[in-house]
Amino acid sequence: MLPIGVETKAEASNCPIRSVLSNVTGKWRMIIVLALEDGPMRFGEIKRCIGDVTQRVLTENLRGLQRDGYLTRTVDPGPPVAVSYELTPLGQSLVATLKPLVFWSGKQMEQVKTARLEYDRANPK
């Protein structure tokens, strides 16, 4: 079995698996990392690429990814000032890990939809 179990709150807070996964598996962070796969992007480009993320949520998630070392933020003083984000080698290795999950997700969607329908029929609200 994978080492995912803990017995105390202290163990949980020191668990490297929980620490890393909790910061990269959020919906927005995974999508941001995948959006940056092909190279640096400015904030507005990332927002347009993703589509349904608010400015505040995008900013928070970019800061978190930068803090954990998955991307860098570069400011070109301009004029006009231009801020761009780019994956670090750590971020690129994360993309390489996420891509199989993305492809798997696409292939499994019909099974997931079917399972959801069956569950909802058996468990009406």
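Helices here are DSSP runs of H or I with at least four residues, and strands are E runs of at least two, numbered from the N terminus. Helix α4 covers residues 43–50, and Glu45 sits in it. This is a predicted model: local features need pLDDT of at least 70, side-chain atom pairs count only at pLDDT 80 or more, and totals for chains, interfaces and linings use all residues. Residues are numbered from 1 along each chain as its sequence is written, and side-chain values use heavy atoms, with hydrogens and water left out.

Back to Glu45: it counts as partly exposed because its relative accessibility is 36% (buried is under 20%, exposed over 50%, partly exposed in between, with a 1.4 Å probe and protein chains only). Ser84 lies 39 residues from Glu45 in sequence, with 9.3 Å between their C-alpha atoms.

Now for the inside. The largest nonpolar core (buried Ala, Val, Leu, Ile, Met, Phe, Trp, Tyr and Cys joined through side-chain atoms within 4.5 Å) has 23 residues, and Ile32, Leu36, Ile46, Leu58, Leu62 and Tyr85 touch the most other members. These elements each give two or more residues to that core:

| Element | Residues |
|---|---|
| α3 | 27–35 |
| α5 | 55–67 |
| β3 | 82–87 |
| α6 | 89–122 |

Helix α4 is also among them.

Leaving aside neighbours within four places in sequence, Leu58 is in contact (heavy atoms within 4.5 Å) with Ile32, Phe43, Ile46, Lys47, Ile50 and Val53. Where α3 meets α5, the α3 residues are Trp28, Arg29, Ile32 and Val33, while α5 brings Val57, Leu58, Glu60, Asn61, Leu62, Gly64 and Leu65.
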